[in-house]
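Work through the exercises below with the sequence and the model side by side. Try each task before reading its solution.

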Amino acid sequence: MRSPKRKSYFKKILENPLPPLQEDERIYLNVTYQTRAFAQYTNCGFDRERKLWFTGVHNSNLLYIVQHYGVNEEATSEKAKKMLIEKTEEIKKSIYYEDR
């Protein structure tokens, strides 16, 4: 049986889809064909022209997604890379302060 806390976590993830992103705000990921279902489940988008999965800094699973898939450096813009670095530092700081 699932705990209520876990249930609310998954409900939050499913109810917070990624907002529409401009081309230069997309963080393109190295998602394999076999793991595409999980990328879709974690609210990543798919760029049909480039045939690449992407996410944005507002994704509630950003840190895990980037660690799991890795960033496609060639396709991701410099602006998106900068935003990613800033957001991951912010997340890591908040995790550090919560653990104290």
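The exercises go from the whole chain to single residues and charged pairs.

This is a predicted model, in which local features need pLDDT of at least 70, side-chain atom pairs count only at pLDDT 80 or more, and totals for chains, interfaces and linings use all residues. Residues are numbered from 1 along each chain as its sequence is written, and side-chain values use heavy atoms, with hydrogens and water left out.

**Exercise 1. Describe the fold and state which element has the lowest mean pLDDT and which the highest.**

Step 1. The protein chain holds four helices and three strands, taken as DSSP runs numbered from the N terminus (helices: H or I, at least four residues; strands: E, at least two). Their order along the sequence is α-β-α-β-β-α-α.

Step 2. The average pLDDT (the predictor's confidence in each residue, from 0 to 100) is 84, and 79% of the residues score at least 70.

Step 3. Helix 1 (residues 4–15) has the lowest mean, 55, while strand 1 (residues 27–29) has the highest, 97. Where pLDDT is low, the predicted coordinates should not be read in detail.

**Exercise 2. Place Asn72 and decide whether it is buried or exposed.**

Step 1. Asn72 sits in the loop between helix 3 (62–69) and helix 4 (78–99).

Step 2. The classes are buried (under 20% relative accessible area), exposed (over 50%) and partly exposed (in between), with a 1.4 Å probe and protein chains only. Asn72 is buried because its relative accessibility is 15%.

Step 3. Contact means heavy atoms within 4.5 Å. Apart from neighbours within four places in sequence, Asn72 is in contact with Tyr28, Leu29, Asn30 and Leu52.

Step 4. The side chains of Asn72 and Asn30 also share a polar contact of 3.5 Å. Such a contact is a pair of N or O atoms within 3.5 Å; within protein, one must be able to donate a hydrogen and the other to accept it, and residues adjacent in sequence count only if both atoms are side-chain atoms.

**Exercise 3. Compare the surroundings of Asn43 and Lys51, each with a positive phi.**

Step 1. Most residues other than glycine have a negative phi. Asn43 has a phi of about 65 degrees, and Lys51 one of about 60 degrees.

Step 2. Asn43 belongs to the loop between helix 2 and strand 2 (45–47); Lys51 belongs to the loop between strand 2 and strand 3 (52–55).

Step 3. With a relative accessible area of 13%, Asn43 is buried, whereas Lys51 is exposed at 63%.

**Exercise 4. Trace the salt bridges of Lys79 and Lys81.**

Step 1. A salt bridge is a side-chain nitrogen of Lys or Arg within 4 Å of a carboxyl oxygen of Asp or Glu. The structure holds eight salt bridges.

Step 2. Lys79 pairs with Glu25, their closest N and O atoms being 3.6 Å apart. This pair links distant parts of the chain, with Lys79 in helix 4 and Glu25 in the loop between helix 1 and strand 1, 54 residues apart. Lys79 is partly exposed at 38%, as is Glu25 at 22%.

Step 3. Lys81 forms a salt bridge with Glu73 (3.3 Å, N to O) and a salt bridge with Glu78, at 3.4 Å between the closest N and O atoms. Lys81 and Glu78 are three residues apart in helix 4, about one turn of the helix.

Step 4. Lys81 counts as buried at 18% relative accessibility, while Glu78 is exposed at 60%.
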